[in-house]
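Thanks for making the time this morning. I would like to walk you through one structure, slowly and element by element, so please have the sequence and the picture ready.

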Amino acid sequence: MSTVEIDGLSAGYRGRTVVSEVSAGIGSGGWLGVIGPNGSGKSTLLKAVLGLVEHTGRVLVDGRAVSGLRHRDRARALGYAPQLPQLPVGLTVTDYVLLGRSPHTGLLGRETGADLDVVAEVLDRLDLTRMADRKLPTLSGGERQRAVLARALAQRAGVLLLDEPTTGLDVGHAQELLDLVDRLRHERGTTVVSTLHDLTVAGQYAERLLLLNGGVVTAEGTPEEVLTADTLEKHYTARISVLSAPDGSPVVAPVRAAGPRQES
Ligand SMILES: Nc1ncnc2c1ncn2[C@@H]1O[C@H](COP(=O)(O)OP(=O)(O)OP(=O)(O)O)[C@@H](O)[C@H]1O
């Protein structure tokens with residue numbers, strides 16, 4: 001159960017600003033989807049929320065400035081699954097996911113039975129139990145991606161920051177993972193901020209979407225408000241139709257350029 005307030009957040013690398021003046025508020029148990037074309041600043045925005053890159057502006061979790069939190073408290077408040085994590089080669093899946101428990105372990109850093117229970121539950125929910133003893137480099141891309149998520153979920157933070165969590169996952173595992181995150185938000189009030197490239201999926205899960213282009217917010221609102229053909233064609237430089245799913249949610253369909261088709 002955590003609220004997040006992002007206030008005038010700008011961020012960049014070596015003096016070059018790549019995210020400018022982003023503000024957004026997310027209520028407890030809310031899901032903000034951050035969308036935008038490649039290089040628009042989505043990952044940088046998540047890293048700035050975590051305080052991992054140079055930034056100005058404020059991020060408040062439950063009214064407390066993230067910049068003022070000690071490392072351990074920050075890790076209890078914010079769980080993070082990066083897009084391209086460095087995976088320690090020697091660790092098994094269980095050892096790696098246990099790292100997510102480190103903000104909760106005692107001074108001696110020893111895990112308890114309760115920590116192991118959390119890890120076992122997360123592995124089960126992400127369909128990783130069969131691989132619990134495997135070394136990370138032996139996993140497929142999609143299995144590795146799920147292990148990264150498992151570690152973030154094991155942190156049991158009030159806020160989850162997920163950077164492209166479904167990259168490399170087949171449609172079934174992607175759905176399973178997003179359904180799991182959705183359940184956490186309903187069961188525990190976990191607040192979610194995620195980047196997502198699949199715009200239809202972004203609209204299915206996020207309550208609100210924030211569209212970045214060139215590091216600035218170019219649209220913000222409900223999926224129905226943001227996922228319009230006009231807005232997407234303009235900001236993605238793409239040909240797009242927005243259809244309506246049986247439940248009324250937007251389906252973003254790319255449209256092939258007119259031209260001769262290869263006949264068989
Ligand atoms: N470590 C870095 N050092 C310097 N520039 C960086 C660094 N990381 C990202 N950038 C630059 O910042 C800009 C925003 O990158 P970012 O990764 O935030 O975009 P993104 O929207 O997440 O992109 P994608 O959809 O391709 O993952 C890009 O121009 C990128 O080249």
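Let me start with the residues of the shell around the ligand, which divide into 2 nonpolar, 7 polar and 1 charged, and let me say at once that what we are looking at is a predicted model. The residues that surround the ligand are Tyr-13, Val-18, Gly-36, Asn-38, Gly-39, Ser-40, Gly-41, Lys-42, Ser-43 and Thr-44. Which element gives the most to this shell? It is helix H1, covering residues 42-50, and its share is 3 residues.

From the ligand I would like to turn to Gly-12, which lies in strand S1, the stretch of residues 4-13. Is Gly-12 buried, exposed or partly exposed? It counts as partly exposed, because 18 C-beta neighbours are found inside 10 Å, whereas a buried residue would need 20 or more. If we leave aside residues up to four places away in sequence, Gly-12 touches Thr-17, Val-18, Val-19 and Glu-54, and Val-18, as you may recall, is also among the residues surrounding the ligand. For a sense of scale, Gly-12 and Ser-140 are 128 residues apart in sequence, and their C-alpha atoms are 32 Å apart in space.

Strand S1 brings us to the sheet in which it sits, an open one of 4 strands in the order S2-S1-S4-S5, with antiparallel pairing. Strand S2, residues 16-26, and strand S5, residues 64-65, stand at the edges with a single partner strand each, so one side of each is left without a neighbour in the sheet. Between S1 and S2, which run antiparallel, there are 7 bridges, and in S2 it is Gly-25 that stands opposite Glu-5.

There is another open sheet to describe, formed by 6 strands in the order S6-S7-S8-S3-S9-S10, and here the pairing is mixed. Its edge strands are S6, residues 78-81, and S10, residues 216-221, each of which pairs on one side only. From one strand to the next, the twist averages 15 degrees. Helix H5, made of residues 141-154, packs on this sheet and touches S6 and S7, and its direction makes about 175 degrees with that of S6.

Within that sheet I would ask you to look at strand S8, residues 191-195, which is mostly covered, with 5 of its 5 residues buried. Thr-191, Val-193 and Thr-195 point one way from the strand, while Val-192 and Ser-194 point the other way, and all are buried.

What are the partners of S8? With strand S7, residues 159-163, it runs parallel and is joined by 5 bridges, one pairing being that of Leu-161 with Val-193 in S8. With strand S3, residues 31-35, the pairing is again in the parallel sense, this time over 4 bridges; Gly-33 stands opposite Ser-194 in S8, and Val-34 has Thr-195 as its bridge partner there.

Finally, S8 takes part in a right-handed β-α-β unit, which S7, helix H6 of residues 171-188 and S8 make together. That is where I will stop, and I am happy to go back to any of these elements.

Note on methods
Residues numbered from 1 in each chain as written. Predicted model: local features only at pLDDT ≥ 70, side-chain atom pairs only at ≥ 80, totals over all residues. Near = placed C-beta within 6 Å. Helix = DSSP H or I, 4+ residues; strand = E, 2+ residues; numbered from the N terminus. Nonpolar A, V, L, I, M, F, W, Y, C, P; charged D, E, K, R; others polar. Buried ≥ 20, exposed ≤ 12 C-beta atoms within 10 Å, placed from the backbone. Contact = placed C-beta atoms within 7 Å. Pairing = 2+ DSSP bridges. Right-handed = clockwise from strand over helix to strand, strands pointing away. Axes fitted to C-alpha atoms, helices over the stretch in contact; angles between N-to-C directions.
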